[in-house]
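Trainee: Got a minute to walk through this one with me? I'd like to start with what we even mean by a buried residue.

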Amino acid sequence: MALLEIEGLVVRFRTHEGTIHAVNGVSFQVDEGETLGLVGESGCGKSVTSLALMRLLPSPAGHVEGGRVRLDGTELLDLTEAEMRDLRGRELAMIFQDPMTSLNPVLTIAEQMVETIRAHTQMTAEQATARAVELLGMVGIPRPETRLKAFPHEFSGGMRQRVMIAMALALHPRLLIADEPTTALDVTIQAQVLELLRALTADSGTAVILITHDLGVVAGMTRRINVMYAGYIVETAPTAELFAHPAHPYTVGLLHSIPRLDAVEGEPLIPIEGTPPDQRRAPVGCPFAPRCAWRLAACWSTNPPLEPLVTGMPVVLTGDRATHRIACLNPPTPEEAAAGLPLREGFVAAPAPGSVVDELAIAEVPA
Amino acid sequence: MAAPSIAVTPPVSQRASRGLWRDAGRRLLRNGPALIGLTCILVFVLGAILAPVLSSYDPSLGQLADARQTPSLTHLMGTDLLGRDEFARVLYGARLSLQLGTISVVFGLAFGIVIGAAAGGLGGKVDGVLMRIVDVLLAVPGILLAIGIVAWLGRGQIQIMLAVGVSYTPIFARLLRGSLLALREADFVLAGRSIGASRLRILVRHMLPNALTPLIVQATLALATAIIDVAGLGFLGLGPGDPRVAEWGEMLTDSARFLQYAPYLIFFPAAAIVISAIGFNLVGDGLREALDPRLRR
């Protein structure tokens, strides 16, 4: 049984401007000790998914409106707040994007760490302090005994993120959610922090959900990747497979919009056209259709489910051999994926239903 | 990263953590106006404490024969209508004014923190109800509210402190609630919740200490107006109610009628009120600058 099972998770935000359809039926599993990447652009529902499973959605606006979240068989969405609080920190932990603001500026590191440790264990203050020193040493902070008495503003950004990692791992959680853990850090520090995170979670067997918009970060860290778009998972595959054979037009677009060192000189980057959809409207059809170069007429009205790329094999949900699945009616061929463009003779992306201008444009093509 | 410091022992961790308050204190002492304010307050505090040493006269006893003497070496500030030494009365008046002013602000702070923390921490309906009550109180001018409370509870020192304290409560409550609302969205609050801290713990341990800075600045500024309010109540005849007690506001009322014959009688208590109020104001402004990095000069 997988450690974490999410089934059909739906999250909505009620705001003054209407309902935001943040997560629209997301299902995935995470195995014990597995590292899963959650990739997508800002606002695609990566963070909301993780906050929903921690039950930390901003209230009163955020609601889980459907789905199941099971941690080791326990239904998290049915727990009382007190039971959930007991799980947080002990079984589930989280690291946030900005280490500059995630530590309380008026308390010393010692106060914050000892408090966390003692909230969940029977340790005395001395034992908890000793454990905090040990943890700080573990995340590579020099002279942990003295640094423990320092305030957050006396640490650099990378050091603060190390402190956050130490706090998150203090109680050996089984699942760690790292929400863009390196986005706010210098590039030189990013690699160090990622390596630290990788080594520590591998040691303790902690499963990790790594949320990022940076494909470079997930490439080296994760075993498996879920690509999210507009509140849906549009593609999921083992990391190597995803980079070698991207199959969803959005993933293809993402990979072609990052500069590569081994690119042929003068080869242009291919940006993804358009903007992310307005999530105030209930989704109709494939959410990526308006920006997709491969779209068919059916894409405007049908939102395809996540299905195996190669049919006829048993579907594996977790691990290195997880089945490569995509949600697409007209997936790019491997050659097209490599080129980043549709290569089929005479293929034109289907116009939006009722758009006259596009129809005129098509009428001219055969001539 | 400080690469050059590898060989040297970095001084950062050797020195004890300075913390926000130590830094703010240093900045306050480098701020000219705040220093002047501190000096004013210090003069009054010392005067109040050392009153029996500084003046050999009893502030409540006088010889009618000595009434309305002009300032001289025997009576530095002259004598009042009943022949009491004006200097002694200003000194003992400082005791009362500082005491009443400080305690009323402490009252106001205590009520305000409880109401503001409940509103900002619990939110929802509690917030709605408490803030509407605060709105009603804010709509009434503070001094009018204080007059009403003294008129209701009767004259006396405790009544004055309560009245002035209550009239400051809405300001503190609103200020704290505002800070708490902003802090509810703070990353470290979410981070605290993500490691399983309870709501009360987050409110008391993480949010309140971060919200106190503006309250402390506001309290210092409120001390200035509290002294004026206490004197104002005295001036309006709602003072401590004991004619023997030296109170700056009542001294003003008593001497106002003789402004033409003995202008110095009104000058000294008035100057005392003005200087102490300005002192607290300057220190309050200085504190605001010292505690807010954005206003740093």
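Mentor: Sure. A residue is buried if 20 or more other C-beta atoms lie within 10 Å of its own. Keep in mind that this is a predicted model.

Trainee: OK, so which helix of chain B is largely enclosed by the rest of the structure?

Mentor: Take α8(B), residues 187-194: 6 of its 8 residues are buried, so this helix is largely enclosed by the rest of the structure.

Trainee: Which residues of α8(B) are the buried ones?

Mentor: They are B:Phe188, B:Val189, B:Ala191, B:Gly192, B:Arg193 and B:Ser194.

Trainee: And what covers them?

Mentor: Elements from both chains. The cover includes α7 (157-184) and α9 (199-235) of chain B, together with α1 (46-54) and β6 of chain A. After α8(B) comes B:Gly196, with a positive phi near 90 degrees.

Trainee: While we're in chain B, how many helices and strands does it have?

Mentor: Chain B has 11 helices and 0 strands. Its 297 residues are 46% buried, and its C-alpha atoms fill a box of roughly 80 × 55 × 25 Å along the principal axes.

Trainee: What about contacts within chain B, what share joins residues at least 24 apart?

Mentor: If you take contacts between residues at least 6 apart in sequence, 70% of them join residues at least 24 apart.

Trainee: Switching to the interface. How many residues of each chain are in contact with the other?

Mentor: 30 residues of chain A are in contact with 20 residues of chain B. On the chain A side, α2 (81-87), β6 (92-95), α3 (109-120) and α5 (144-147) each supply at least two residues. The largest share comes from α3(A), with 3 residues.

Trainee: What's the make-up of that side by class?

Mentor: The side of chain A that touches chain B has 12 nonpolar, 9 polar and 9 charged residues.

Trainee: β6(A) came up in the cover and at the interface. Where does β6 sit in the sheet of chain A?

Mentor: At an edge. The open sheet has 8 strands in the order β6-β7-β8-β3-β9-β10-β12-β11, with mixed pairing. β6 and β11 (307-308) are the edge strands, each pairing on one side only.

Trainee: Do β6(A) and β7(A) run parallel or antiparallel?

Mentor: Parallel: 4 bridges join β6(A) to β7(A), residues 175-179. To find the register, look for A:Ala93, which stands opposite A:Leu176 in β7(A).

Trainee: Further along the sheet, why is β10(A) called largely enclosed?

Mentor: Because 6 of the 7 residues of β10(A), residues 232-238, are buried.

Trainee: Which strands does β10(A) pair with?

Mentor: One partner is β9(A), residues 224-229, which runs antiparallel to β10(A) over 6 bridges. A:Met228 stands opposite A:Ile233 there. Those two strands form a hairpin with 2 residues between them, and A:Ala230 in the turn has a positive phi of about 50 degrees. The other partner is β12(A), residues 325-326, antiparallel over 2 bridges, where A:Thr236 stands opposite A:Arg325.

Trainee: Any hairpin at β4(A) too? What's its turn like?

Mentor: β4(A) and β5(A) form a hairpin with 2 residues between the strands, and A:Asp72 takes a positive phi near 55 degrees. The two strands, β5(A) being residues 74-75, run antiparallel with 2 bridges. A:Arg70 stands opposite A:Glu75 in β5(A).

Trainee: What does A:Arg70 face in β1(A)?

Mentor: A:Glu5 stands opposite A:Arg70. β1(A), residues 4-15, runs antiparallel to β4(A), residues 62-71, and 8 bridges join them.

Trainee: Last topic: A:Val163. Buried or exposed?

Mentor: Buried, because A:Val163 has 26 C-beta neighbours inside 10 Å, and the cut-off is 20 or more. A:Val163 lies in α6(A), residues 157-168.

Trainee: What is A:Val163 in contact with, beyond its sequence neighbours?

Mentor: Setting aside neighbours within four places in sequence, the contacts of A:Val163 are A:Leu103, A:Ile109 and A:Phe155.

Trainee: And how far is A:Val163 from A:Leu175?

Mentor: Their C-alpha atoms are separated by 18 Å, and the two residues are 12 apart along the chain.

Terms used:
Residues numbered from 1 in each chain as written. Chains lettered and ligands numbered in written order. Predicted model: local features only at pLDDT ≥ 70, side-chain atom pairs only at ≥ 80, totals over all residues. Pairing = 2+ DSSP bridges. Contact = placed C-beta atoms within 7 Å. Nonpolar A, V, L, I, M, F, W, Y, C, P; charged D, E, K, R; others polar. Buried ≥ 20, exposed ≤ 12 C-beta atoms within 10 Å, placed from the backbone.
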